[in-house]
Amino acid sequence: MSGSDTWRATLRTYYCIKFSLSFYSTLFSLIGLLILCIGIYAESERRKHQTLEGIFLAPAIILLLLGILMFVVSFIGMVGSLRDNLLLLKVFFWVLLVIFIIELLLIVIELVCETQMKKFAHANILVGMKHYYDDLDFKNIMDFVQEKFSCCGGDEFRDWEVNPYHSCNGTGPLSCGVPYTCCIVGRDSGGVKNTLCGYQTLDKERLDVAHIIHVRGCIHAVGLWLSDNFGITFGLAIALLAPQALGIGLSYLFWMKLKDLCYSFDEVDFRSLKMKNFNFKELDLSGAGCCLCLPREEGYIPIFADRDDEKLT
C-alpha cells in the first residue's frame with residue numbers, strides 16, 4: 001500500500017471515529033438537557049406544593065443532578081471531538097470510566113452485601129413513609145410500587161405504623177390502617193378500591209388480614225420480581241452500562257488516533273512562518289466547517305519546503 005493510500009485509510013478511520021463520537025456526545029447532551037428540563041419543572045412543582053426538602057424525598061433533585069452531569073460530561077466530549085482537543089477528550093474518557101467503575105462496584109456491593117443494602121433501603125423507605133402525606137413525589141412512587149408489585153410497606157405492612165396518620169396511637173379515620181394501595185382488589189369489586197379498605201389492619205396478625213391487604217413488604221416483592229425476571233434485570237443492567245462502555249471505547253480510540261496523527265505526520269513549524277512574515281489572516285479556511293475543526297489533506301497552513309532549518313536552531 002502506497003503512502004497516499006495509507007493516508008486516505010487513516011483519514012477515513014479518523015473521520016469515522018470523530019463523527020461517531022461527536023454524534024454520541026451530542027445525542028447524550030440533548031438527553032441530559034431534556035432530563036434537566038424535566039427536573040427543573042418537577043422541582044418547581046415540588047416547591048409550589050411545599051413538599052419536603054431532601055434528595056431522597058425529592059426525586060426532582062435527582063433528575064436535576066443527573067441532567068446536569070449528563071449534559072456537562074457529554075458537552076465536554078462533544079467539544080473535544082469536534083475541536084480535536086486531547087485535554088477535553090482525556091477528561092471525557094476518565095470521567096466516563098470513573099462513573100462506569102462506580103456503577104460496577106455498586107452492582108457488586110448489591111450482590112455481595114444484599115442484607116446490608118436491604119437494611120439501608122428499609123431505613124430510607126421508613127423516612128419516606130413517615131412523611132407520606134407531606135411529599136407528593138414519594139407518595140406517588142410508593143403508591144405505584146405497592147400497586148405494581150402487590151406489596152405493602154418496606155419490610156412488611158406494619159411499617160406504616162411510623163406514619164402519624166396510620167399509627168395505632170392516632171385518632172383519625174386512617175389510624176391503625178394502611179393506604180388503600182395496599183389493598184387486594186377482588187373480581188367482585190370490579191377493580192374499584194375502597195379508600196378505607198385497610199382500616200384497622202395494623203393491630204392484627206398477618207394471616208387475619210392476608211385476604212384484605214398485601215402483607216409482603218415491597219423490598220422483598222421487588223427483589224423477588226427481579227430474581228424471577230432475570231432476563232429483564234440483565235437487560236436493564238446492559239442498557240445502563242452499554243452506552244457508557246461505548247463512549248469510553250470511542251473516546252479512547254479517538255484519543256489514540258489523534259496521538260498517531262500527531263506523531264506520524266510532519267507538523268508546521270510556526271517559527272518558519274513567522275520568519276517568512278506569514279499573515280495568518282490570509283488563510284483560506286474554506287471547508288473547515290463552522291467550528292473550524294474539519295481537516296483537509298493538504299492542510300490549511302502552507303509548509304515552506306525551501307525553509308532553512310539551520311536558521312531556526
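A pocket is an open set of grid points with protein on both sides within 12 Å along at least five of seven lines, and its lining residues have an atom within 4 Å of a point. Keep that in mind for the second exercise below. The model you are looking at is predicted.

**Exercise 1. Describe the overall fold and the confidence of the model.**

Task: Find how many helices and strands the protein chain has, and which element has the highest mean pLDDT.

Solution:
- Step 1. Start with the secondary structure: the chain has nine helices and zero strands. Read from the N terminus, the order of elements is therefore written α-α-α-α-α-α-α-α-α.
- Step 2. Turn to burial. Of the 313 residues in the chain, 32% are buried.
- Step 3. Look at how the contacts are spread along the sequence. Among contacts with a separation of 6 or more, 69% join residues 24 or more positions apart.
- Step 4. Now check confidence. The mean pLDDT of the chain is 80, and 75% of the residues reach 70 or more. Helix H3 has the highest mean among the elements, 91, while helix H9 (residues 270-275) has the lowest, 50.
- Step 5. Mark the stretches to treat with care. Over residues 52-57 pLDDT stays under 50, and the model has 21 contacts beyond four places in sequence for them. Residues 266-271 also stay under 50, with ten such contacts. Where pLDDT is low, the predicted coordinates should not be read in detail.

**Exercise 2. Explore the largest pocket.**

Task: Work out which helices supply the lining of the largest pocket, and which of them gives the most.

Solution:
- Step 1. Begin with the volume, which is about 2000 Å³ for the largest pocket.
- Step 2. Look at the lining. It consists of 37 residues, and those nearest the centre of the pocket are Glu 110, Met 117, Ala 121, Val 222 and Leu 226.
- Step 3. Assign the lining to helices. At least two residues come from each of H2 (59-83), H3, H4 (114-130), H5 (136-148), H7 (218-228) and H8 (230-264). The most come from H7, with eight residues.
- Step 4. Sort the lining by class: 28 residues are nonpolar, five are polar and four are charged.

**Exercise 3. Look for enclosed space.**

Task: Find how many cavities of 30 Å³ or more the whole structure holds, and list what lines the largest cavity.

Solution:
- Step 1. Recall the idea behind the search: rolling a probe the size of a water molecule over the atoms shows where empty space is left.
- Step 2. Count. The search of the whole structure finds one cavity of 30 Å³ or more, and the volume of the largest cavity is about 40 Å³.
- Step 3. Name its lining: His 166, Pro 173, Leu 174, Gly 177, Val 178, Leu 196, Gly 198 and Tyr 199. By class, five of these are nonpolar, three are polar and none is charged.

**Exercise 4. Compare the surroundings of Ser 25 and Phe 93.**

Task: Decide whether Ser 25 is buried or exposed, do likewise for Phe 93, and list their contacts.

Solution:
- Step 1. Locate Ser 25 in helix H1 (residues 3-48). Ser 25 counts as buried because its relative accessibility is 0%, and the cut-off for buried is under 20%.
- Step 2. List the partners of Ser 25 beyond four places in sequence: Ser 74, Gly 77, Met 78 and Phe 92.
- Step 3. Move to Phe 93, in helix H3 (residues 86-112). Phe 93 is buried too, because its relative accessibility is 8%.
- Step 4. List the partners of Phe 93 in the same way: Ile 248, Ser 251, Tyr 252 and Trp 255. With Trp 255 the separation is 162 residues in sequence, yet the C-alpha atoms are 8.9 Å apart in space.

**Exercise 5. Examine two positive phi angles.**

Task: Find where Ser 150 and Cys 176 lie, and classify each as buried, partly exposed or exposed.

Solution:
- Step 1. Read the angles. Phi is near 50 degrees for Ser 150 and near 60 degrees for Cys 176; each is a positive value in a residue other than glycine.
- Step 2. Place the residues. Ser 150 lies in the loop between H5 and H6 (206-209), and Cys 176 is in the loop between H5 and H6 as well.
- Step 3. Classify them. Ser 150 is partly exposed because its relative accessibility is 31%, whereas Cys 176 is buried because its value is 4%.

Terms used: Residues are numbered from 1 along each chain as its sequence is written. This is a predicted model: local features need pLDDT of at least 70, side-chain atom pairs count only at pLDDT 80 or more; totals for chains, interfaces and linings use all residues. Side-chain values use heavy atoms; hydrogens and water are left out. On a 1 Å grid over the protein atoms alone, a cavity is a set of points where a 1.4 Å probe fits but cannot get out, and a pocket is an open set with protein on both sides within 12 Å along at least five of seven lines; lining residues have an atom within 4 Å of a point. Grid points are joined across faces, edges and corners, and a volume is the space filled by probe spheres set on the points. Ala, Val, Leu, Ile, Met, Phe, Trp, Tyr, Cys and Pro count as nonpolar, Asp, Glu, Lys and Arg as charged, and the others, Gly among them, as polar. Helices (H or I, at least four residues) and strands (E, at least two) are DSSP runs, numbered from the N terminus. Buried means under 20% relative accessible area, exposed over 50%, partly exposed in between (1.4 Å probe, protein chains only). Contact means heavy atoms within 4.5 Å. pLDDT is the predictor's confidence in each residue, from 0 to 100.
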